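Q: Please examine one helix-to-helix contact closely, and then describe the parts of the structure that surround this contact or lie beyond it. A reader new to the structure would be grateful for a connected account.

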Amino acid sequence: MTTTDDHQTSAPTGAGQLPRTIDVTDDQRVPFARLVAVETRKSFDTRAGRWLTISIVGLVLVVVGVGVFAFPDDAQDYVSLLGVTGGVLGYFLPILMIMLVTSEWSQRTGLNTFTLEPRRTRVIGAKITAGLGLAVVVLALGAAIAAVGVLLSPANGGEAVWNLGYNEVQNFSLSSLIGVLVGFALAMLLRSSPVAIVVYFVYTFILPGVVAALGALVDGFDKVAPWIEFNTAQTPLFTGDYRATGEEWAQIAVTGLIWLVVPFVLGLWRLVRAEVK
Amino acid sequence: MIEVTGLTRTYGGFTAVDDVTFTCEPGRVTGFLGPNGAGKSTTMRVMVGLTPPTRGRVTIGGHLYRDLPNPGRHVGVLLDAGAQHAGRTGREILTLGARSMMLPRSRVDEMLHTVSLTDDEAGRRVRDYSLGMKQRLGIAHALLGDPEVLVLDEPANGLDPAGIRWMRDLLKGYARRGGTVLLSSHLLNEVELVADEMILIGRGRIVAQGDKQSLLAGAHHGEATTIVSALDPTALATALRACGLDPTPEGNGFKVAATTAEVGRAALEHLVVLTELRNGAAGLEDLFLELTSDTQRETAGAAA
């Protein structure tokens, strides 16, 4: 008397005819450009994200304004104003970059992001591209604001000096690029917004001070410092004639390996293997 | 179709998933049932490539998840409805998904409609969503790419009774059209009504699997149990013994290790008037607790 039971258990609701495999021969990967577009969109589709960018540009406006109306006449040239602009952006652009990565963990959106594109290096590549694109746009905006500042400088006794040369452009771009990439590496390594931001500020604010203090206290340390500390190594890019010697480039390369390449590779390695929860 | 083979995931000395093997068939809803911390979520994360397995593998439609070129088009995933940026609107989250899968934007409105989120609700930030609304949004996101396979972790969590009914109908309909559904829950009642097939997991190991009937049959080692009572209990006991059955007193009547048909026939042959005749097998809940008792607390296992 178990026929009814048997009937129910063995009725596969037509499962026999259903395909058990998924045909992916006609499938195409999502183009990289689309991933970049999505990652860029993510930087602006929340109030917090929009305001971070707006605040950074606003801060540049304020700093350039202060420069034009409060700096001595001979410090209102384009390179000086671009210098303070670069200073502000150097501190805050990396935060934009850090948030691109860490928000996937802090807001747990990584569950969606990495299931829709399980090849994580593609996502990371898209984030770097989106972040660099954003950085370039903000830098250009900063340069434009500084230029307006130069135009306004005669109002405060300045002479609207357009003294921008190739070296200055190269150095500003290079150091900004380095800054955002260090931020990105720290973000991959630490995967937490507050921790990554604090570590970035320690690296960029406190470390150079400590190195300078050590240089003053310890005999010969000032000779070693440019070979081990990235900020110190980059100093020649912004002082004197904005030109680095061969040895100084070598110092930038060596410290870059320590402070950028190694954390970046390690961060990428960790992120690709990390569990997304 | 989802095929999990010898899946193990350890964290240091702790084994979260221990040599798990099962299959989810197309056209069926498979319920993945177990107490909290049994390894359901870990198994599902491994399925979709978020957690690397220590050993074993999972294929979906014959492919490793990471080998699917555009996985969102084939596998709809909802692992945690709360895992969304609180500052994004529901519509924006679906738009990001649609763009990531190369879908037309019209798909976003279709899915909002499917899960009954109004335009007004879709325009609100997820921060202001109830858990039930987040679940609906998560289902919408999982369905965006019109996938053949659904992997849903605790999808009914936070839904009101009407929402649970809606979800049940949705998943049943989806399976009827040939889809493969795997849904997890720690609540038996949610799964029991919708799942064609159930996988019971406790402490990282599969403790039982099959459909409801075979699970119940297996729990009692194939022995049926019947609860029966009669106007004249003494006559009933005599009748049962005459048919070779062994009644044990229970409440007003007896408990008999036989099917209801056998007990009914015995009563009929001896012209005993029955007042009650029913299947006395333990419910799925008893089975679930029994099978997973050692994972709940040691004392419960010892007492049982």
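A: In this predicted model, the contact to examine is the one in which Arg34(A), Ala37(A), Val38(A), Arg41(A) and Lys42(A) of helix H2(A) meet Leu96(B), Arg99(B) and Ser100(B) of helix H2(B). Sorted by class, the residues of this contact are 3 nonpolar, 1 polar and 4 charged. Helix H2(A) spans residues 32-42, and its axis comes within 9 Å of that of H2(B), the two crossing at roughly 165°. An angle over 145 degrees counts as roughly antiparallel, and H2(A) and H2(B) are therefore roughly antiparallel to each other. The crossing of H2(A) past H2(B) is left-handed.

This pair of helices belongs to the contact between the chains, to which chain B gives 47 residues and chain A gives 41 residues. On the side of chain B that touches chain A, helix H2 (90-100) and helix H8 (212-219) of chain B each supply at least two residues. The largest share of that side, 5 residues, comes from H2(B). By class, the side of chain B that touches chain A comprises 18 nonpolar, 18 polar and 11 charged residues.

Another helix pair, this one inside chain A, may be set beside the first. Helix H7 (residues 166-190) of chain A packs against helix H8 (residues 193-217) of chain A at an angle of about 135°, with their axes 9 Å apart. H7(A) and H8(A) are therefore oblique to each other, and H7(A) passes H8(A) in a right-handed crossing. From H7(A) the contact draws Val182(A), Gly183(A), Leu186(A), Ala187(A) and Leu190(A), while H8(A) contributes Val195(A), Ala196(A), Val199(A), Tyr200(A) and Tyr203(A). The residues joining H7(A) to H8(A) are 9 nonpolar and 1 polar, with no charged residues.

Turning to chain B as a whole, its domain assignment gives domain 1 (2-217) and domain 2 (221-279). Taken over C-alpha atoms, the centres of these two domains of chain B lie 45 Å apart.

At the start of chain B, strand S1 (residues 2-11) pairs with strand S2 (residues 14-24) in the antiparallel sense over 7 bridges. Within this pairing, Val4(B) stands opposite Phe22(B) of S2(B). S1(B) and S2(B) form a hairpin with 2 residues between them, and Gly12(B) in the turn has a positive phi of about 60°.

Further along chain B, 4 strands form an open sheet with antiparallel pairing, in the order S11-S12-S10-S13. Strands S11 (248-250) and S13 (274-279) of chain B are at the edges with a single partner strand each, so one side of each has no neighbour in the sheet. From one strand to the next, the twist averages 30°. Strand S10 (residues 226-230) of chain B pairs with S13(B) in the antiparallel sense over 5 bridges, and Thr226(B) has Asn279(B) in S13(B) as its bridge partner.

Two helices pack on this sheet. Helix H9 (residues 233-242) of chain B touches S10 and strand S12 (253-256) of chain B, and the direction of H9(B) makes about 135° with that of S10(B). Helix H10 (residues 260-269) of chain B touches S10, S12 and S13 of chain B, and the direction of H10(B) makes about 160° with that of S13(B).

Note on methods: Residues numbered from 1 in each chain as written. Chains lettered and ligands numbered in written order. Predicted model: local features only at pLDDT ≥ 70, side-chain atom pairs only at ≥ 80, totals over all residues. Pairing = 2+ DSSP bridges. Axes fitted to C-alpha atoms, helices over the stretch in contact; angles between N-to-C directions. Contact = placed C-beta atoms within 7 Å. Domains from an automatic or database assignment. Nonpolar A, V, L, I, M, F, W, Y, C, P; charged D, E, K, R; others polar. Parallel < 35°, antiparallel > 145°, perpendicular 65-115°, else oblique. Left-handed = near helix turned anticlockwise from the far one by under 90°.
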